[in-house]
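I opened a new notebook page for this protein. My plan was to go from the whole chain down to one side chain.

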Amino acid sequence: MFSRALCIHKGIPSAFAVRLLGAACFQRSETTAAATPAAPKEDGAFNLAEHKANIEALLKEELPKPYDGPERDLVNFPRQVRAEYPGKVRFAFLPDEWFTFFYKKTGVTGPYLFGTGLLTFLLSKELYVIEHEFSTGCAIFLLVYIACKKFGPAGRKYIEEDFAKRLDGYNKTKGDAMKDLTDSIADEQKNIWYAEGEKTLLDAKRENVQMQLETEYRKRMMHVYEQVKKRLDFQLDMYNTKRKLEQKHMVDWIVNNVVKSITPQQEKEALQKCIEDLKLMSAKA
């Protein structure tokens, strides 16, 4: 009890307070990591610098506590903050608030008169009996007080340095964890962006396949057109050839029949007529 009172008097943080502070740091880092927002996007691209800036801005804000109701008034009734050092004490173990409580009622001397009167009342009514161990307790209290005054500053300095080292270690662990979580979130956002790019790539591949199908369709349609055109050209050539042959045969048949119908006398007369026509033409010339 005396050692705890001396620590309170000198403002020395205990190891239990150090452990509590470390647990609070880890809890804060876990809560902050869970509340990290998604990365922003501009024109379909991932901006890592702006994403980290948004995360840092969010970490500076006070996160809502799960036990706070919607009607919680944080302005008039702010959340209590655990003090880093204990409050001021008097006479090595009496809190200073006990004395300031009497100032408005009794003035500055009120607490001292109240304490002296209460002690006198207890001793006079023998409610507090002084035994032989009272002098031993006073001597022990005096020795502890002198030791606290002499060795307290050095002990406080050592404990504060150890507390600062532990706090730096917790903060470093917290910072590393937050950095890892931030990088993980950034990687996840990049993977989401890559997945969206895969969607665009799949759309492009689908369009490419449709273009290939359209090309194959047009190629086959052209093949059908060429084959039909060849057959039609063949039929047209076949019809023209047949017509030419029929026409030639008809001409030959008519000529042959006309030649066969001419008699030798007619041929002789026609020859004579031609000779006479030539003579007339030559005479005129």
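My entries follow, from overall layout to local contacts.

**Entry 1: the model.** I noted at the start that this model is predicted.

**Entry 2: layout.** I counted the elements and got seven helices and four strands. I then read their order along the sequence as α-α-β-β-α-β-β-α-α-α-α.

**Entry 3: burial and surface.** I looked up burial for the 285 residues, and 12% count as buried. The exposed area came to about 23,800 Å². Carbon and sulfur atoms supply 62% of that area.

**Entry 4: contact range.** I took the contacts with a separation of 6 or more. Of these, 63% join residues 24 or more positions apart.

**Entry 5: a helix pair.** How do the axes of α4 and α5 cross? Helix α4 spans residues 96-106 and helix α5 spans residues 110-124. Their axes come within 8 Å and cross at roughly 105 degrees. Angles of 65 to 115 degrees count as roughly perpendicular, so α4 and α5 are roughly perpendicular to each other. I listed the residues that make the contact. From α4 they are Phe 99, Phe 102, Tyr 103 and Thr 106. From α5 they are Gly 110, Pro 111, Tyr 112 and Phe 114. By class, I found six nonpolar residues, two polar and no charged ones in this contact.

**Entry 6: Arg 90.** I went to strand β3, residues 89-90, where Arg 90 lies. Which residues does Arg 90 touch, leaving out those up to four places away in sequence? I found Asp 96, Phe 99, Tyr 103 and Tyr 112. The side chains of Arg 90 and Tyr 103 are joined by a polar contact of 3.1 Å. Tyr 103 also belongs to the α4 side of the helix contact in Entry 5.

How values were computed
Residues are numbered from 1 along each chain as its sequence is written. This is a predicted model: local features need pLDDT of at least 70, side-chain atom pairs count only at pLDDT 80 or more; totals for chains, interfaces and linings use all residues. Side-chain values use heavy atoms; hydrogens and water are left out. Axes are lines fitted to C-alpha atoms, for helices over the stretch in contact, and angles run from 0 to 180 degrees between N-to-C directions. Helices (H or I, at least four residues) and strands (E, at least two) are DSSP runs, numbered from the N terminus. Angles under 35 degrees count as roughly parallel, over 145 as roughly antiparallel, 65 to 115 as roughly perpendicular and the rest as oblique. Contact means heavy atoms within 4.5 Å. Ala, Val, Leu, Ile, Met, Phe, Trp, Tyr, Cys and Pro count as nonpolar, Asp, Glu, Lys and Arg as charged, and the others, Gly among them, as polar. A polar contact is a pair of N or O atoms within 3.5 Å; within protein, one must be able to donate a hydrogen and the other to accept it, and residues adjacent in sequence count only if both atoms are side-chain atoms. Buried means under 20% relative accessible area, exposed over 50%, partly exposed in between (1.4 Å probe, protein chains only). Accessible areas come from the Shrake-Rupley method with a 1.4 Å probe; for residues, only the protein chains shown count as cover.
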